[in-house]
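Here's a quick tour of where the chains meet and where the empty space sits. Have the viewer open as you read.

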Amino acid sequence: MTGGLLFALTGVALFASGVAGVVLIDNLLRRILAFNLMGSGAFLVLVGLAQRNEVADPVPQAMVLTGIVVAVAATALALAMTRKYHALTGRLELTGDDND
Amino acid sequence: MVWLIALPLGWASLTVLLGPRRGAWTAISALTAQLWLAFELAQTVRATGTVRHAVGGWGAPLGIDLAVDGLSAAMLLLAQGVALPVAIYARAYFKVRSGHPGGVWFWPLLGFLIAGLNALFASADLFNLYVTLELVGLAAVALVAAGGGAPQVAAALRYLFATLLGSGAYLLGVALIYGVYGTVSTATLEPLLTVEAPRLAWIAGLLMLSGLMLKTALFPFHYWLPPAHGGAATPVSALLSALVVKASFYLILRLWIGPFAALVDRIAWLPAVLGATAVIWGSWHALRAVRLKALVAWSTVAQIGYLFLVFPLLGDDRIALHAGGMQMVSHAFAKAAMFTAAGVIVHTTGRDAVAEVAGVASRLPVTLFAFGLAGMTLMGLPPSGGFLAKWLLIEAALARGRWDMVVVVLAGGLLAAAYTFRVLRQAFLLPPSGERRRVERRPIAVLEWTAFVLAAASVAMGLRGMEIVQLLDAGT
Amino acid sequence: MMTFAFDLLLALSLLWSGWRALTTRRLDRAIVLFIAFGLLMTLAWARLAAPDIALAEAAIGAGLTGALLLDAYGAIRRRSDRT
Amino acid sequence: MKRLAVTALATGFAVVLVEAMLNLGPAAIDLRIPVRENLAESGVSHAVTAVLLNYRGYDTLLEVAVLLLALVAVLTVTDEADVAFPHMEHPVLQTLARLATPLMTVVAVYLLWAGAFRPGGAFQAGSVLAAAAVLLHLVGLLPGWRSPRLPLRLGLVAGLLTFLAVATAMLARGALLEYPPSMAGGLILLIESVLTVSLALILAGLFLLLSRDEGPS
């Protein structure tokens with residue numbers, strides 16, 4: 001097995017645990033962590049799988065750079081809303097009753 | 001075509017520069033220009049077929065290609081056509097509510113949303129589509145959160161995690177596709193993705209499609225939609241229900257008939273079953289909703305269901321595709337009209353409740369007329385666009401002997417009639433409660449008439465159905 | 001062989017730190033673990049011959065995201081303490 | 001119950017995916033070849049920068065829009081909050097931060113310049129500058145942001161507007177973002193320089209806006 005493929009497989013595991021985390025975890029801060037794990041997993045798959053023959057490929061590398069920036073943008077927005085929610089309600093978990 | 005993307009990016013930045021609560025006229029004039037551009041583009045596509053643009057001059061697979069065929073052109077026209085009246089509505093809406101926190105940065109957020117939508121409809125590159133999806137998703141979430149209260153922020157958080165989960169699945173799918181084929185250009189991929197594709201390509205397809213279904217709020221992924229669409233400021237609700245969910249549906253359809261066509265045949269029943277369930281489940285909740293805007297939001301869940309009925313019916317005769325296109329267009333106008341009309345009623349009565357509608361017909365005849373016209377489209381009464389959409393859907397179902405789907409379409413129409421009349425009955429037949437009169441505010445003509453224009457457009461789509469069908473067929 | 005053993009170790013530490021960041025009981029520890037995860041990701045990018053991503057991951061993925069998370073955690077704890 | 005189901009699903013999904021990955025043949029298309037062949041015309045000699053700002057520059061344009069959008073979104077959400085007071089005023093740390101800032105600025109300029117032919121570029125340079133600003137804030141030398149005023153807003157949008165202006169100016173003779181090979185290097189450097197400033201402001205802004213929402217503590 002090559003290093004590229006190994007990291008791609010690691011990425012799959014990270015993505016799966018990230019998704020499970022986003023679905024299962026109620027604490028919003030931790031859910032943001034899970035989202036970031038999920039993103040990192042997808043990035044590792046993108047570069048690792050493309051480089052499974054151990055030759056660097058600049059195209060997925062550039063895509064991941066774009067992806068990292070998008071992820072931090074999403075994280076910042078998520079944190080801003082989490083902080084606002086905590087300021088308004090004093091809670092860090094979404095409850096069922098704000099559903100209509 | 002390029003200007004449809006560059007222009008909104010430009011005015012979005014410009015309105016950031018102008019500062020808080022400013023930029024309404026910049027946005028409205030730019031949107032007018034965009035509507036004209038989209039119209040010109042649709043004419044070109046109808047006359048000469050698909051319009052392509054190789055960004056950077058490289059061409060796929062090295063560069064990113066834009067491609068606008070009939071379906072894309074129709075969506076672009078739809079996006080500008082809904083956005084312009086909603087923008088005019090929003091200017092008046094936030095002017096009366098000068099303290100509304102959603103109005104502070106509304107214009108730049110709107111600009112980025114429209115830029116993202118237009119870029120999405122024009123793109124022919126899977127990774128580029130991911131970036132546009134994020135642009136649309138984050139802008140939509142921010143618009144919901146801008147409402148400021150705890151329910152809005154909670155709804156926006158729910159929406160954010162749903163949309164991030166959806167685009168995350170989509171991104172992993174793109175990563176796998178790049179791993180398997182070494183390209184993300186849809187045109188390059190189409191001949192490569194055959195029935196003999198490796199298993200990884202199938203998984204990629206499933207991941208991308210299910211991520212997008214989550215973003216489209218297909219049952220059972222609809223949980224985030226009613227609070228987000230029902231709780232946001234009215235212009236935002238209208239944009240989200242009319243355009244944002246359509247964007248991810250458009251992408252599903254695009255991938256389904258494009259690169260993944262060879263892979264998805266065997267699973268076409270699945271989205272249709274979920275769609276049928278959504279029609280019933282959404283309508284049922286709309287019938288029982290207490291808040292007026294929640295009723296309209298649940299109706300969106302139901303109407304999205306119709307869209308997914310087309311998948312097992314897609315074929316060479318293209319009737320199902322026409323049905324899907326018509327349903328997207330007519331529902332977009334009808335739902336924008338319904339939300340904007342509901343917004344007028346909420347503004348005038350001061351309360352967001354179905355029961356408060358009692359007796360407002362005499363005060364707000366235009367608005368109620370708009371609400372009724374929009375309801376007509378949702379029910380599928382002739383000559384509205386919704387009628388044509390449902391007619392085409394039934395025709396496609398009958399051509400394949402799918403009586404079960406005919407039943408779903410008809411039942412959905414009846415349920416839509418039931419929840420629309422639930423509102424109209426209150427408005428026309430019941431006397432207003434005395435206590436309410438005190439909070440009543442004067443109706444604003446701009447708000448009423450923009451709602452009416454949107455509703456009229458949703459009906460007119462039925463009268464101009466031939467042109468739309470021709471446009472959908474262009475460039476194939 | 002040596003490099004593959006190193007890669008394997010790195011992959012395992014990535015999985016472990018990621019997993020612990022989601023499951024550890026205390027939130028502050030979870031965030032610190034997440035920052036450690038980001039630094040390990042930097043190493044992984046270096047191993048994947050992607051120095052550009054390694055730089056961005058260190059600065060944005062671990063650095064800025066970590067700072068944002070810690071700051072949010074601090075603000076939330078202070079607010080909870082006040083009330 | 002839900003926990004068990006989700007965990008089982010996620011594990012099953014990972015297993016299927018890993019199995020499929022292990023049985024994967026070579027890719028049909030290898031973009032490394034065209035990337036290399038066109039490098040001479042791209043205006044830069046570092047392949048990742050060529051992809052990021054030339055071949056797939058359109059992605060980057062939209063990505064800058066996402067960042068600016070995120071900043072506006074954060075502004076929207078944290079509206080009407082108080083300005084955060086510096087957390088600590090430790091003289092030693094302040095001196096260290098004062099020393100670190102020019103150093104980080106030099107690093108950022110180097111990264112920006114290096115991006116043309118080796119790892120580096122606007123995003124890395126911008127984030128180093130942003131990190132410097134965050135550091136100054138943490139030691140109490142830089143206050144959190146109020147609603148940004150015009151000069152600051154100009155700095156925030158300059159990157160996207162410059163990028164957009166260059167991209168659309170190219171329409172006069174060809175496609176969006178189609179740089180003439182002779183000018184490509186210069187145009188990319190221009191875009192990257194303005195982007196560095198704007199990205200630094202946006203990334204720092206994300207932090208400085210968020211850290212203000214708590215009032216006096």
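How many salt bridges does the rule find across the interface of chain B and chain D? There are 2 of them. Keep in mind as you go that this is a predicted model.

## Where B meets D

One salt bridge to pull up on screen joins the side chains of B:Asp125 and D:Arg56, with 2.7 Å from N to O. As for polar contacts, chain B and chain D have 9 residue pairs, counting those with both residues at pLDDT 80 or more. On the chain B side, quite a list of elements gives two or more residues to the surface touching chain D: helix 1 (2-18), strand 1 (51-55), strand 2, helix 4 (106-122), helix 5 (126-145), helix 6, helix 7 and helix 8. Helix 1 of chain B has the largest share of that side, at 10 residues. Sort the chain B side by class and you get 41 nonpolar, 13 polar and 2 charged residues.

Now for the overall extent. Here 56 residues of chain B are in contact with 48 residues of chain D. Together the two chains bury about 4,500 Å², and 78% of that is on carbon and sulfur atoms.

## Where A meets B

Turn to chain A, where 37 residues are in contact with 34 residues of chain B. Between them, chain A and chain B bury about 3,100 Å², with 80% of it on carbon and sulfur atoms. The salt-bridge count for this pair of chains is 0. Polar contacts do turn up, in 3 residue pairs with both partners at pLDDT 80 or more.

Which helices of chain A each supply at least two residues to the side that touches chain B? They are helix 1, helix 2 (28-50) and helix 3 (58-89). Helix 3 of chain A gives the largest share, 15 residues. By class, this side of chain A holds 26 nonpolar, 5 polar and 6 charged residues.

## The largest pocket

On to the empty space. The largest pocket holds about 1,400 Å³. Its lining runs to 40 residues, and nearest the centre you'll find A:Val19, A:Val23, B:Leu165, B:Leu214 and B:Phe221. Elements from several chains give two or more residues to this lining: helix 1 (3-24) of chain A, helix 1 (2-22) of chain D, and from chain B helix 6 (150-181), helix 8 (199-216) and helix 12 (269-288).

Helix 8 of chain B supplies the largest share of the lining, 8 residues. That same helix is also among the elements on the side of chain B that touches chain D. The lining of the largest pocket splits into 30 nonpolar, 6 polar and 4 charged residues.

## The second largest pocket

The second largest pocket comes in at about 810 Å³. It is lined by 37 residues, of which B:Asp69, B:Glu190, B:Arg254, B:Ile257 and B:Gly258 are closest to the centre. The elements giving this lining two or more residues belong to chain B: strand 2 (64-68), helix 3 (70-96), helix 7 (186-192), helix 10 (234-257) and helix 11 (261-264).

Helix 10 of chain B makes the largest contribution here, with 4 residues. In this lining, 19 residues are nonpolar, 10 polar and 8 charged. Strand 2 and helix 7 should look familiar, as both are also listed on the side of chain B that touches chain D.

Methods: Residues are numbered from 1 along each chain as its sequence is written. Chains are lettered from A and ligands numbered from 1 in the order in which they are written. This is a predicted model: local features need pLDDT of at least 70, side-chain atom pairs count only at pLDDT 80 or more; totals for chains, interfaces and linings use all residues. Side-chain values use heavy atoms; hydrogens and water are left out. On a 1 Å grid over the protein atoms alone, a cavity is a set of points where a 1.4 Å probe fits but cannot get out, and a pocket is an open set with protein on both sides within 12 Å along at least five of seven lines; lining residues have an atom within 4 Å of a point. Grid points are joined across faces, edges and corners, and a volume is the space filled by probe spheres set on the points. Ala, Val, Leu, Ile, Met, Phe, Trp, Tyr, Cys and Pro count as nonpolar, Asp, Glu, Lys and Arg as charged, and the others, Gly among them, as polar. Contact means heavy atoms within 4.5 Å. Buried area is the accessible area (1.4 Å probe) that two parts lose on being put together, summed over both. A salt bridge is a side-chain nitrogen of Lys or Arg within 4 Å of a carboxyl oxygen of Asp or Glu. A polar contact is a pair of N or O atoms within 3.5 Å; within protein, one must be able to donate a hydrogen and the other to accept it, and residues adjacent in sequence count only if both atoms are side-chain atoms.
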